[in-house]
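Biologist: I should be grateful for a close look at a single part of this model. Please describe one residue and its surroundings, and then place that part within the chain as a whole.

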Amino acid sequence: IAWGPRRGGFFVHLFQERMNQKPPSKKSRIQVLPSEAALFPLMLDFMYCESSLPLSSGRACTLYAMADKFVVPLLQKAIQNFVEKSLTLTELIEFIQHAQDQQFYKKEIERLVLCATSKLCAYLVKYPSEARLVQPPLLLNTL
């Protein structure tokens, strides 16, 4: 997790710091939120394997924040691509609403929410009749 093209900068720093200690430490403790603990295996799979992530609009916020926290920019890019290219209108609305409920990650996911909001806005400009699917407060914030 500290080597290879998908390595995490956090882990690189953690291992280097540990190895520079005299004597080298044999244990490190990382604290994560329960929602992060549930998705930690997915982040590791992404870092170790070349396979694609089983992403959903619900998982995207937490994984993006984890990628920010553990400095895994390729994971952030993969999630941003997912939001930009794979979400349907309904999923996009669900994603933005879910993101707005994330109290722990406001700063970390701000760029991803902006990306999703821009996509929603572009979609509504192209298909104005679909605006009926968007709740008024979200519609007001989007436009």
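Modeller: In this predicted model, L138 lies in helix α7, which spans residues 136–142. The relative accessibility of L138 is 5%, and because buried means under 20%, this residue counts as buried. Apart from neighbours within four places in sequence, L138 is in contact with I93, I96, Q97, Q100 and L120. One of these partners, Q100, stands 38 residues away along the chain, and its C-alpha atom is 9.9 Å from that of L138.

L120, another contact of L138, leads to the largest nonpolar core. This core has 37 residues, and M43, V83, F95 and L120 are the members that touch the most others. At least two residues of the core come from each of α2 (34–48), α3, α4, α5 (89–101) and α6 (110–126). The greatest contribution is that of α3, with seven residues. V83, also among the members with the most core neighbours, touches L92, F95, L112, C115, A116 and K119 when residues up to four places away in sequence are not counted.

The packing of α3 against α4 may be considered next. Two packed helices are described by the angle between their axes and by the distance between the axes. For α3 (residues 57–69) and α4 (residues 73–85), the angle is about 155 degrees and the axes are 9 Å apart. An angle over 145 degrees counts as roughly antiparallel, and α3 and α4 are therefore roughly antiparallel to each other. The crossing in which α3 passes α4 is left-handed. On the α3 side, the contact is made by S57, A60, L63, Y64, A67 and D68, while α4 contributes L75, Q76, I79, Q80 and F82. By class, the residues of this contact comprise seven nonpolar, three polar and one charged.

As for the chain as a whole, it contains seven helices and zero strands, so that its pattern along the sequence reads α-α-α-α-α-α-α. Of its 143 residues, 37% count as buried, and L138 counts as buried too. Among contacts in the chain with a separation of 6 or more, 64% join residues 24 or more positions apart. The pair L138 and Q100, in contact and 38 residues apart along the chain, illustrates such a separation.

How values were computed. Residues numbered from 1 in each chain as written. Predicted model: local features only at pLDDT ≥ 70, side-chain atom pairs only at ≥ 80, totals over all residues. Heavy atoms only, no water. Axes fitted to C-alpha atoms, helices over the stretch in contact; angles between N-to-C directions. Helix = DSSP H or I, 4+ residues; strand = E, 2+ residues; numbered from the N terminus. Parallel < 35°, antiparallel > 145°, perpendicular 65-115°, else oblique. Left-handed = near helix turned anticlockwise from the far one by under 90°. Contact = heavy atoms within 4.5 Å. Nonpolar A, V, L, I, M, F, W, Y, C, P; charged D, E, K, R; others polar. Core = buried A, V, L, I, M, F, W, Y, C linked by side-chain atoms within 4.5 Å. Buried < 20%, exposed > 50% of the residue type's maximum accessible area, 1.4 Å probe, protein only.
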